[in-house]
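Subject: Structure handover

Hello,

Here is the structure I promised to pass on. Please open it first, then read the notes below.

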Amino acid sequence: MRHPLRRRCGAGLAAIAAVLPLWVQAEVTIASPFTENAVLQRGLPVPIWGKADPGEEVTVEFAGQKKSVAADADGRWVVRLDSMTASAEPRALRVTAKESELSLANVVVGEVWICSGQSNMQFAATSVPEIRVLERKAKRIRTFEVKRTVAFEEQDSCEGKWVDKHPNSAVAFSFAYFLEEAGDVPVGIILSCWGSSSIEAWMPRDMTETVPHFKTMMEEFDSDAKTRERITSILEGTKPWSRNDDIFLRRQSNILYNAMMHPLAPYACRGLVWYQGERNTQSMFGMLEEPWFSRNSGMLKYGDTLKQWVQRYRKEWGNDEMQFLMVMLPGYHKEMATGPKLGAEHPASHSWAWMRESQLKALELEHVGVANTIDLGDVKNIHPKDKLPIGKRLALLAARDTLGLDVVASGPVMKTVEAGGDHLVVRFEHASGLTTTDGEAPTGFWLADDSAKWVEADAELKGETILLRSSDLAKPLYVRYAFAGKPKVNLVNGAGLPAYPFRTDTFAP
């Protein structure tokens, strides 16, 4: 989008410009995430940046603030507006320099979140009937959708514009809807996602210094002339891309970050919602021919990469408290060509359970939440439609952790497991009102001893604890709960939020 500019040149200057055009000063510009209808983050300093002639003074005015700065030797300028309170009042953001100015209309202040990931984040709101009912009620949600493309180098700008409407992403919309309802403030969603992309696609190149497997991947990418030539050919070729070319682009490492994430920093935001992981369940290197046990190991490594990724993004945004909300992969199961075939509910079957455990490692960092989806999903469909509860659970986490509201945002979390001879006792946190959704005994619990042979447990609910035993196991030592591709679960707390999956064994995957 080209911002409207108003030139203020006298007749004499215009005449000189006609003869010596190189003498005319460049128009002041503002970074691509700033357009009309933008939402600025409340409660934090707000960087505003762009380009002008080197040394030129640039002034930014908004909501009674007026800040000036000189562009540096490269022509870059940045000012930081002071923290503001939320306001749905549409106001103009004005940027002026010596010979040019621009004005962005209908700018408001509220809660800004980036929503990123792969196809389940991209999954359209229009495909979910329950969401279509809520769309008419969404009054203060705005969206900036980043155009899907790639680049070999980090880009300073991206294509997109703020629109005064909700995102066509089922998860992003439902998250924004319930967050706006909880916070009673405008909500801005920056949607930057692409189906079947791995976490490595969204990683800056300098993470090769901290993530060994990413270093290997980038070395292979750099040395693969055919891949780079094909990428160049696609970018310079006709549009729209073919489906095969589109898939080829989005499955490359680093180049999505360069084009679709780097240009956004350091746009002030409360945090980032991340719904990704399906691609990485195919192993850290996406090698489909790897044996099932090797892939499980790769999924376990994802958690370490995820933590490094969070910390690197916080550095990029200059905000150590930037909130990250992860979506746990929901129920799904696909039997592998090799390895044991034990079914969707068995805890020893190759499954997404290992990825979910890996995703939960992100909780070792502060200002991170994981929305539990273990009761959701479709055993045969990797793109399930039950997105509304995901958005609601994400909004609960954001309401508790960023809005400071007194809400129950977490389901039961295993606290301790105590051995009692022929039984185990599981105690939970966030377990007030512990119950089951169907009034039956808790399901999804499995027991084992050192033989590592798992048997289904008989589970009994006792207050805020679960007692586990099995006639097939004289002395159980370990428990796995909901540790399967599509487990059958019914355990919730009084707020109706499901218990998080866990395991207490250390058996190799």
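A residue is called buried when its relative accessible area is under 20%, exposed when over 50%, and partly exposed in between. Keep that in mind for the residues below. Keep in mind too that this is a predicted model.

Salt bridges first. A search of the whole structure finds 27 of them. Side chains of opposite charge can pair when their charged atoms come close. Three pairs are picked out here.

Arg503 and Glu357

The side chains of Arg503 and Glu357 form a salt bridge, at 2.5 Å from N to O. Arg503 sits in strand β24, while Glu357 belongs to helix α10 (residues 353–360), so the bridge ties together parts that are 146 residues apart in sequence. How accessible are the two partners? Glu357 has a relative accessible area of 24%, so it is partly exposed. Arg503 has 17% relative accessibility and therefore counts as buried. The pair also belongs to a wider group: Glu357, Arg480, Arg503 and Asp505 are linked in a network of salt bridges.

Arg76 and Asp156

These two side chains also meet in a salt bridge, at 3.1 Å from N to O. Distant parts of the chain are linked here, with the partners 80 residues apart. Arg76 is in strand β6 (residues 76–81). Asp156 is in the loop between β9 (141–145) and β10 (162–163). Arg76 is partly exposed, at 38% relative accessible area. Asp156 is partly exposed as well, at 48%.

Glu460 and Lys462

Here the salt bridge spans 3.3 Å, N to O. Glu460 has a relative accessible area of 36%, so it is partly exposed. Lys462, at 43% relative accessibility, also counts as partly exposed.

The sheet with β24

Strand β24, home of Arg503, is part of an open sheet of four strands. In which order do the strands run? The order is β19-β18-β22-β24, and the pairing is antiparallel. At the edges are β19 (455–456) and β24 (502–503), each pairing on one side only. Strand β18 (residues 445–448) pairs with β19 over two bridges, in the antiparallel sense. Which residue of β19 is the bridge partner of Leu447? That partner is Val455.

A good place to begin is Arg503: this residue lies in strand β24 and takes part in the salt-bridge network.

Best wishes

Terms used
Residues are numbered from 1 along each chain as its sequence is written. This is a predicted model: local features need pLDDT of at least 70, side-chain atom pairs count only at pLDDT 80 or more; totals for chains, interfaces and linings use all residues. Side-chain values use heavy atoms; hydrogens and water are left out. Two strands pair if DSSP finds at least two bridges between them. A salt bridge is a side-chain nitrogen of Lys or Arg within 4 Å of a carboxyl oxygen of Asp or Glu. Buried means under 20% relative accessible area, exposed over 50%, partly exposed in between (1.4 Å probe, protein chains only).
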